[in-house]
Amino acid sequence: MMLRRGFFLFLPRLVGLLVVACCSMSIVYMLACTPKGDNQQLALPRVHSPTVKEGYEAILQEREEQHSNYIISLKKQIAQLKAELQGRTEKLKNMQNQYPDSLDIRLDQSKPEKAQANLLAFLRSQVDKAEVHSGVKLSTEYAAVPFESFTLQKVYQLETGLTRHPEEKPVRKDKRDELIEVIELAVGTLNKPDGVSKAKPRVYTASDFIEGIYRTEKNKGTLYELTFKGDEKHQFKKIVLFRPFGPVMKVKNENINMADTLINVIVPLAKRASKFRQFMQNFREMGIQQDGRIHLTVVYFGKEQMNEVKSILENTSKSANFKNFTFIQMNEEFSRGKGLDVGARFWKGNNVVLFFCDVDIYFTAEFLNSCRLNTQPGKKVFYPVLFSQYNPSIIYGHHDSIPSLEQQLTIKKETGFWRDFGFGMTCQYRSDFLNIGGFDLDIKGWGGEDVHLYRKYLHSNLMVIRTPVRGLFHLWHEKQCLDELTPEQYKMCMQSKAMNEASHGQLGMLVFKQEIETHLHRQKWSSKKT
């Protein structure tokens, strides 16, 4: 009985607790499930607001409008992207129409088989474009690409320059390997069975090769025509081969900052104060005023004219506010290699570009940048081919008609030549010069030291950049070949002296001057008679 009474007394309380719990859960559920606006929580429908159904319809309509605006924005963006894509597609089609072969090869690299097929098609098209099967119309006689001929031992070439000869052995390994490969391929072609004749085929060897000709069209390839002995006395075999050039490929794309790259110009000198004054005028204008990232090291041998040279240097320093120079005095016989070596080792700063220069050199600010761009520590050294000026007195005739120095510095056949036999002017980083061992200090006087250094670089793993540059000139001066030079040095000196004077045509006019004057005199006499 007592238990039953307690139960009835506790039952209302239990029901009340359950009702309170249910109400609490309903309130929490309503708070959690009420929709939110973009920036703040939306309030629940109140007693005096619209009904719950109308409130939710308003919320849904607002959300629908927001989604509709978002969809419109996306459609605009998609339309803009489509227009941009179409524009880029048109550009790509234009490029493909302009360079169809090479671009096909580039674009299909993900598909090796298609890329290979495109490459073969491109190489065949190179044969069709070149003058292999037929000639092409040329505008002038200068547009023709000449052939050069070769045998097993010699190459006969038209573009000789001053270091190449009309007839010579192919000294360069790449040229030698190229011609050997061509001859071997031609012999292999001749010995390949034709599948028709049942007679025992003749075996051809390189000794059957008589002569070949070849020429290179820079954007197409190299054509080779080789002639071999035939089976009979007046019979020959001709093999025509073509090495097509592939499409241009991008290798590197980099930014280069040379703002802080200093050049140390090293000039060995003995006497020649007047030439040094002319050199300093050029150095001040191009090196100090236009470039500004330059140091000058003068290594002076002896004491004669030394004070005059120092005075020129100090005057330039004061007038141009230039402090980046070093003057080193050597009490010994002049040696160009020793002077450059001492000047290079004297530098105490960070790794620097060294420009080995002479007092009779004229350079531009453009060349100084070429010097920087073509050198790289541990990788590249720069050996520019400078333009050597002929004797102005011969070129321009009378002294009164000789123009100013700046007007003389033009690159023409009549005014000078590319000095492709000279290796004295060079740019390299000091670290590379020291690692290679510097100059051979046993060489005295004029000539030879530059060739030895050049060979050291060629025998190393450094890349030697050898190219004509339009901003580096050797000014003409009378050359004295001293008796104390060795026979080899004296011969080099005399050859250089002869080449410095004038072109073949101008020297010919001097040699035949008497004949020319006699002819003119006769012409004048004949005209008077008539």
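Contact here means heavy atoms within 4.5 Å. The model described is a predicted one. In this model, Thr326 is in contact with His295, Leu296, Thr297, Val298 and Phe346, leaving aside its neighbours within four places in sequence. Thr326 is found in strand 9, which covers residues 325-330. The relative accessibility of Thr326 is 15%. Buried means under 20% relative accessible area, so Thr326 counts as buried.

Charged pairs were examined next. Side chains of opposite charge can pair when their charged atoms come close. The structure holds 16 salt bridges. Among them is the pair formed by Arg243 and Glu181. The closest N and O atoms of Arg243 and Glu181 are 3.2 Å apart. Arg243 lies in strand 6 (residues 236-244), and Glu181 lies in helix 5 (residues 173-190). The pair therefore ties together parts that are 62 residues apart in sequence. Arg243 is partly exposed, at a relative accessible area of 31%. Glu181 is also partly exposed, at 43%.

Strand 6 holds a partner of another salt bridge, since Lys238 lies there. Lys238 pairs with Glu225, and the closest N and O atoms are 3.7 Å apart. Glu225 belongs to strand 5 (residues 221-229). Glu225 and Lys238 are 13 residues apart, and the pair links distant parts of the chain. Lys238 has a relative accessible area of 53%. Exposed means over 50%, so Lys238 counts as exposed.

A further salt bridge joins the side chains of Glu449 and Arg336, at 3.1 Å from N to O. Glu449 lies in helix 13, which runs over residues 449-458. Arg336 lies in helix 8, which runs over residues 336-346. The two parts are 113 residues apart in sequence, and the pair therefore ties them together. Glu449 is buried, with a relative accessible area of 3%. Arg336 counts as buried as well, at 9% relative accessibility.

Salt bridges can also share partners in this structure. Arg202, Asp208 and Asp231 are joined in this way into one network.

Technical notes. Residues are numbered from 1 along each chain as its sequence is written. This is a predicted model: local features need pLDDT of at least 70, side-chain atom pairs count only at pLDDT 80 or more; totals for chains, interfaces and linings use all residues. Side-chain values use heavy atoms; hydrogens and water are left out. Helices (H or I, at least four residues) and strands (E, at least two) are DSSP runs, numbered from the N terminus. Buried means under 20% relative accessible area, exposed over 50%, partly exposed in between (1.4 Å probe, protein chains only). A salt bridge is a side-chain nitrogen of Lys or Arg within 4 Å of a carboxyl oxygen of Asp or Glu.
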